[in-house]
Every structure is written in structure tokens, then in C-alpha cells.
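Here are some exercises to work through with a structure on your screen. Try each task yourself before you read its solution.

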Amino acid sequence: MALTIPAPDREDAAADTPGVAVLAAGCFWCVEAVYLGLAGVTRVVSGYTGGAAETANYRAVCTGTTGHAEAVEIHYDPALLSFGRLLQVFFAVAHDPTQHDRQGNDVGTQYRSAIFTLNDAQTVLARDYVAQLDQAKVFAGPIATEITPLTHFYPAEDDHQDYARQHPNQPYICAVALPKVEKLRTRFPQWLRENQRR
């Protein structure tokens, strides 16, 4: 039975001022695929954050020793979409936020659950939402998501951008990314880009 993840109790326009959110929820190929389906998202960039510039590359990050997380930088139109809604999708669709330093078979700190905030309003909203979900006991265990200010986001190599769309038959994409996209379609059909075209 699918969990029902409530929306945040409140929104804050100040959290939407940058029109950017940076989220980590396991493999960035999968997270990117989910957010590209949302109406109001204008661009999603896969990349790395949490470590140093010299180790912001796929080979180094895969060792799990760099401090980086695989993350996505989501650019969105605040007139159509909110930071709170992005967080609801993050907890409801993008991953299992109760897993610590892993998502399924992807194990390591590079696959941790994290919200990298761009301003104080995003930090407060994210913390309040995690507290709301924990208090409501939405998940069987405590939420492991880190909430930390963004220091720098490093775009990943070109071959990691828009990966799921370009490799729809790749086994990992079929097994992990596409079920997440289908979950988005099932749970939030009203928010899909395809359903808001005119």
C-alpha cells in the first residue's frame, strides 16, 4: 500500500526567491528523471555537492570518500511550482528518506538523502516539514535526510545529464528510475508537465 505523504503545512515565498532547489536522493539519474516530469521545472542539472572542487567527478565520487553527494539542481518557475511541492515529491516519490547513506543497492555517503538549502527560508521550511512528517509518523522509521546550506554545486559530466531519457533501455534505468517516474505519474498526475500542456 502506497504511503500518503501530506503537503507541507505551510509555504514561504522567500524559499522560492531563487527558483532553485538542490536535492540529493540516491542516484542522480533517477532523481533527475522524476523532476523533469513536473510542470514548472525548467531545467534539472545532475551534479555533486558537499565536497571539494578537485574531487567533483564521477570516478572520485563513486569511491564514497569525497564528501560529495550525487545531487540535482532543479530550476523552476515559482509562479507554477513551489519549494514545498518539490519537497513533497522528494519524500513521496524520489527516494526512501529513512535509509542512511544508501538507496536500495546503491550504498555509500554519495547516495545519502539531503536537502542543500540556498537561503534561510528553505532551511526553515525543510526542517519544519521533516518535523511534520516525523510527528505524523508517515514513515516506519525516522527520516535520515540531512538539511545543510549549499556551499557549491558542481555539474556532473555531460554524459550524466538527461541520462534516463537518453538511455531508456539501460537495465538500471528500467529497474530503478522508470518505477519512480511511474510513481510520480500515479500519485501526482495533476502536476505532470504532459497534463498541463495547452
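**Exercise 1. The annotated domain**

Over residues 21-173, what share of the chain is helix, what share is strand, and how far apart are the end C-alpha atoms?

*Solution.* Before starting, keep in mind that this is a predicted model.
- Step 1: Find the stretch. The UniProt record, an unreviewed entry, lists residues 21-173 as "domain: Peptide methionine sulphoxide reductase MsrA".
- Step 2: Read off the content. Helix accounts for 31% of this stretch and strand for 25%.
- Step 3: Compare the two ends. Their C-alpha atoms lie 23 Å apart.

**Exercise 2. The whole chain**

Describe the protein chain by its elements and its overall dimensions.

*Solution.*
- Step 1: Count the elements. The protein chain has 6 helices and 8 strands.
- Step 2: Put them in sequence order. The pattern reads β-α-β-α-β-α-β-β-β-α-β-β-α-α.
- Step 3: Look at the extent. Along the principal axes, the C-alpha trace spans about 40 × 35 × 35 Å.
- Step 4: Test the packing. A compact globule of 198 residues would have a radius of gyration near 16 Å, and the protein chain agrees because its value is 16 Å.
- Step 5: Ask how the inside is filled. Buried residues make up 51% of the 198 residues.
- Step 6: Look at contacts along the sequence. Of those between residues at least 6 apart, 79% join residues at least 24 apart.

**Exercise 3. The sheet**

In what order do the 6 strands of the open sheet lie, and why do β7 and β8 each have one side without a neighbour in the sheet?

*Solution.*
- Step 1: Walk across the sheet. The order is β7-β6-β1-β3-β2-β8, and the pairing is mixed.
- Step 2: Look at the edges. β7 (146-149) and β8 (153-155) each have a single partner strand, so one side of each is left without a neighbour in the sheet.
- Step 3: Add the twist. From one strand to the next, it averages 35°.
- Step 4: Zoom in on one edge. Strand β2 (residues 41-49) pairs with β8 in the antiparallel sense over 3 bridges. In this region G47 stands opposite P155 in β8.

**Exercise 4. Strand β1 and its surroundings**

How many residues of β1 are buried, and which strands pair with β1?

*Solution.*
- Step 1: Check the cover. β1 is mostly covered, with 6 of its 6 residues buried.
- Step 2: Sort the residues by direction. V20, V22 and A24 point one way, while A21, L23 and A25 point the other way.
- Step 3: Take the pairing with β3. It is antiparallel over 4 bridges, and I74 in β3 is the bridge partner of A21.
- Step 4: Take the pairing with β6. It is also antiparallel over 4 bridges, and here L23 has I115 as its bridge partner.
- Step 5: Find the helix lying across. Helix α3 (residues 83-94) lies across β1, β2, β3 and β6 (113-117), running at about 15° to β1.

**Exercise 5. C27 and helix α1**

Where is C27 placed, and is C27 buried or exposed?

*Solution.*
- Step 1: Start from the record. In an unreviewed entry, UniProt lists C27 for "active site".
- Step 2: Locate C27. Its place is in the loop between β1 (20-25) and α1 (28-35).
- Step 3: Apply the cut-off. Buried means under 20% relative accessible area. C27 is at 8% relative accessibility, so C27 counts as buried.
- Step 4: List the contacts. Leaving aside neighbours within four places in sequence, C27 is in contact with E70, D106, Y111 and Y172.
- Step 5: Move on to the helix. In α1, 8 of the 8 residues are buried, so α1 is largely enclosed by the rest of the structure. C30 and W29 are among them.

**Exercise 6. Looking for disulfides**

How many disulfides are there?

*Solution.*
- Step 1: Recall the cut-off. A disulfide is a pair of cysteine sulfur atoms within 2.5 Å.
- Step 2: Count. By this rule there are 0 disulfides.
- Step 3: Check C30. Its nearest cysteine sulfur, that of C27, is 4.2 Å away. C30 is buried, because its relative accessibility is 3%.
- Step 4: Check C174. The nearest cysteine sulfur to C174 belongs to C30 and is 11 Å away. C174 has 36% relative accessibility, so C174 counts as partly exposed.

Methods:
Residues numbered from 1 in each chain as written. Predicted model: local features only at pLDDT ≥ 70, side-chain atom pairs only at ≥ 80, totals over all residues. Heavy atoms only, no water. Buried < 20%, exposed > 50% of the residue type's maximum accessible area, 1.4 Å probe, protein only. UniProt positions renumbered as here; feature names shortened; annotations may be inferred. Helix = DSSP H or I, 4+ residues; strand = E, 2+ residues; numbered from the N terminus. Contact = heavy atoms within 4.5 Å. Pairing = 2+ DSSP bridges. Axes fitted to C-alpha atoms, helices over the stretch in contact; angles between N-to-C directions. Rg over C-alpha atoms; globule rule 2.2 N^0.38 Å.
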